[in-house]
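Grab a pencil and work through the exercises below. Try each task yourself before you read its solution.

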Amino acid sequence: MPDTRTDSTGNTARPARRTVLAATAALTAALAVGPAATAVAAPHDDRKLRALISRMSLEEKVGQLFVMRVYGHSATAPDQADIDANLAEIGVRTAAELIEKYRVGGIIYFVWAHNTRDPQQIADLSNGIQRASLSLPRGLPVLVSTDQEHGIVCRVGKPATLFPGAMAMGAGGSRSDARALGRISGAELRAIGIRQDYSPVADVNVNPANPVIGVRSFGADPDAVAGLVAAEVAGYQGSGVAATAKHFPGHGDTAVDSHYGFPVITHSREQWETLDAVPFRAAIRAGIGSIMTAHLQFPALDPSGDPATLSRPILTGILREELGYDGVVVTDSLGMEGVRTKYGDDRVPVLALKAGVDQLLNPPNLDVAWNAVRTAVLTGELTEERLDESILRILRLKARLGLFDAPYVSHAGVTRTVGTPAHLAAADRIAERTTTLLVNEGGLLPLNRREHRKLLVVGADPASPSGTTGPPTGVLAAALTELGFTATALSTGTAPSAATIDRAVAAAADVDAVVVGTYNVTAGSSQRTLVRRLLATGKPVVAVAVRNPYDVAQLPEVAACLASYSWTDVELRAAARVIAGRTGPRGKLPVPVMRADDPTQVLYPIGHGLSY
């Protein structure tokens, strides 16, 4: 393999093979691993991994447990604003300095941390991170992770391939499609140096008011969710990326967002066994690489009042001992309120390790958390042997993913893999199987280009999850125009004012039909007023629920309503093709929609979905 030069950011685009071997000479002498597809580390590999651990200092061991955020597009030369943010939050200037100071075992990428500008840049950042770690004495490869769920949670955007989110995949109901999503997304993540994806969501969403899971879940049927979880796991891990089932022991029935509060799950142990546990059991059978904990109380599983992340009865007693899981357990972000309510930031990481956690994700203050773990070992609250157990699991995963053998990626690999025409076409085909037609009175859909040539597209324009898609009204209008209509877009927002509604009504006077994108409509939402005013014009109105399918219960007057389950481009283009009749609607509700006037009664059951 030819040598390449260091790029302008100070990161290696593709280090020479001898450079990699020089940086890892001590490691490769002690460890030989097989290909990335190896299912589990063999026993003799464990002996070599334990030999590595025996040579690590206490500080190196503590660092290996942490997965940390860091600002910047480059490991060594980020923008000044990102340097300032790193100094303020972490006390270092760059990712390279973070690794040198704390010897962290993992780094998580975020859009807001400016880690994910474009695929080639992400590859350079990943290489720079690996180079910084492997150049240190006894340096180990870093496990780079992100939340690439697709749909409404997506950190790597265009030109990478973006797929429908989980509930849309639930509406499609195809395990083959879920496996293809994991395979393609996994290949693209691996090509840019991300080897651990915090996906799929294994929560069974049985609460329509759930503010944090919702359409991130495959649905409300535990067996259907389990099948799709296992299929996605197989796809990701077949491409050499560790999948992560989350949020154990189940976050699907809460009305509180654990980012901002401390949810309580009131399910009985029997309900947990038949509902929440089912997808996690399937993930474990599928060989899941890691499982993420939930920051919530589950009194039937542990009456102590501790969050599951800090619960030994839940993580060790149930997950490890009853379910037989011996892979990596990673916390959800330790900056979330759900894990900080009861204990201070210095106690949380120690209690998590005592509960059975392996990776400590994104503490609000790394110095406090890191020193708390170190002190706990020095004072005897934690044993060094306990740390060694978790480090062995982490190193097993790194070995399984081929990080000791091939930690770097190449620009050529990015070009060859990320956002290829074949991948993009696969995403569009999968999306076409997810759009769900909930209402179609009088056969309004598909719209006829002769009768409804001029269209107005109004509605909510929520921010792009990845920062690279949308705005939804514009995407829908452009897609419908490409399909032979003349469509114009008017963004009216999630809470349209009276003046905005008036503008939309005035614009409707000059068109043949209106498409309204709705977003989490409630009884008191002015989106309902917008829809009613548009209906009063006498023009045909088509509603597209761009997030929760439950919107349809709040819009009883509309003659046609579709659910796209997310507002990203691939799902909106699919909805446009259904509206235009280019393809028929094939999705089926993966959750029940309850009546707005009586939430105990089902309006549309699981499996509902019209066709034409």
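**Exercise 1: Odd spots in the backbone**

Pro-159 sits in the loop between strand E5 (153-154) and helix H8 (166-172); helices (H or I, at least four residues) and strands (E, at least two) are DSSP runs, numbered from the N terminus. Before we go on, note that this is a predicted model, where local features need pLDDT of at least 70 and side-chain atom pairs count only at pLDDT 80 or more, while totals for chains, interfaces and linings use all residues. Residues are numbered from 1 along each chain as its sequence is written, and side-chain values use heavy atoms, with hydrogens and water left out.

Task: Find which peptide bond leads into Pro-159, and what its omega is. Then look at Pro-471, Arg-103 and His-114.

Solution:
- Step 1. Here's the background: most residues other than glycine have a negative phi, and most peptide bonds are trans.
- Step 2. The bond from Lys-158 to Pro-159 is cis, with omega near 10°.
- Step 3. Going from Gly-470 to Pro-471, the peptide bond is cis too, with omega near 0°. You'll find Pro-471 in the loop between E12 and helix H19 (472-482).
- Step 4. Now phi. Arg-103 isn't a glycine, yet its phi is positive, about 55°. Look for Arg-103 in the loop between H6 and strand E2 (106-108).
- Step 5. His-114 also has a positive phi, near 65°, and belongs to the loop between E2 and helix H7 (119-134).

**Exercise 2: Buried or exposed?**

Task: Sort Arg-103, His-114, Phe-298 and Arg-450 by how much of each one is accessible.

Solution:
- Step 1. Get the cut-offs straight: buried means under 20% relative accessible area, exposed over 50%, and partly exposed in between (1.4 Å probe, protein chains only).
- Step 2. Arg-103 comes out at 16%, so it is buried.
- Step 3. His-114 has 35%, so it is partly exposed.
- Step 4. Phe-298, in the loop between strand E8 (290-293) and helix H12 (312-322), has just 1% and is therefore buried.
- Step 5. Arg-450 reaches 73%, so call it exposed. Its place is the loop between strand E11 (436-440) and strand E12 (454-459).

**Exercise 3: Rings that meet**

Task: How many aromatic pairs does a search of the whole structure find? Describe two of them.

Solution:
- Step 1. Rings of Phe, Tyr and Trp (its six-membered ring) pair if their centres lie within 6.5 Å; planes under 30 degrees apart count as stacked, over 60 as edge-to-face and the rest as tilted.
- Step 2. The search turns up six aromatic pairs.
- Step 3. One of them is Tyr-102 with Trp-370, at 5.7 Å centre to centre and 70° between the planes, which is edge-to-face. Tyr-102 is in helix H6 (residues 95-102) and Trp-370 in helix H15 (residues 366-378), so the pair ties together parts that are 268 residues apart in sequence.
- Step 4. Check the accessibility: Tyr-102 is buried at 2%, and Trp-370 is buried at 9%.
- Step 5. Next, Phe-248 and Phe-280: their ring centres are 5.1 Å apart and their planes are at 90°, so this pair is edge-to-face. It links distant parts of the chain, with Phe-248 in strand E7 (residues 242-248) and Phe-280 in helix H11 (residues 269-285), 32 residues apart.
- Step 6. Phe-248 is buried at 0% relative accessibility, and Phe-280 is buried at 0%.

**Exercise 4: Opposite charges**

Task: How many salt bridges does the structure hold? Follow two of them along the chain.

Solution:
- Step 1. Side chains of opposite charge can pair when their charged atoms come close. A salt bridge is a side-chain nitrogen of Lys or Arg within 4 Å of a carboxyl oxygen of Asp or Glu.
- Step 2. The structure has 32 salt bridges.
- Step 3. Among them is Lys-61 with Asp-388, where the closest N and O atoms are 2.9 Å apart. Lys-61 lies in helix H4 (residues 58-64) and Asp-388 in helix H16 (residues 384-400), so the bridge ties together parts 327 residues apart in sequence. Lys-61 is buried, at 4%.
- Step 4. Glu-432 and Arg-577 form another, with their closest N and O atoms 2.6 Å apart. Glu-432 is in helix H18 (residues 421-432) and Arg-577 in helix H22 (residues 569-580), 145 residues apart.
- Step 5. Glu-432 is buried at 17%, and Arg-577 is buried at 14%.
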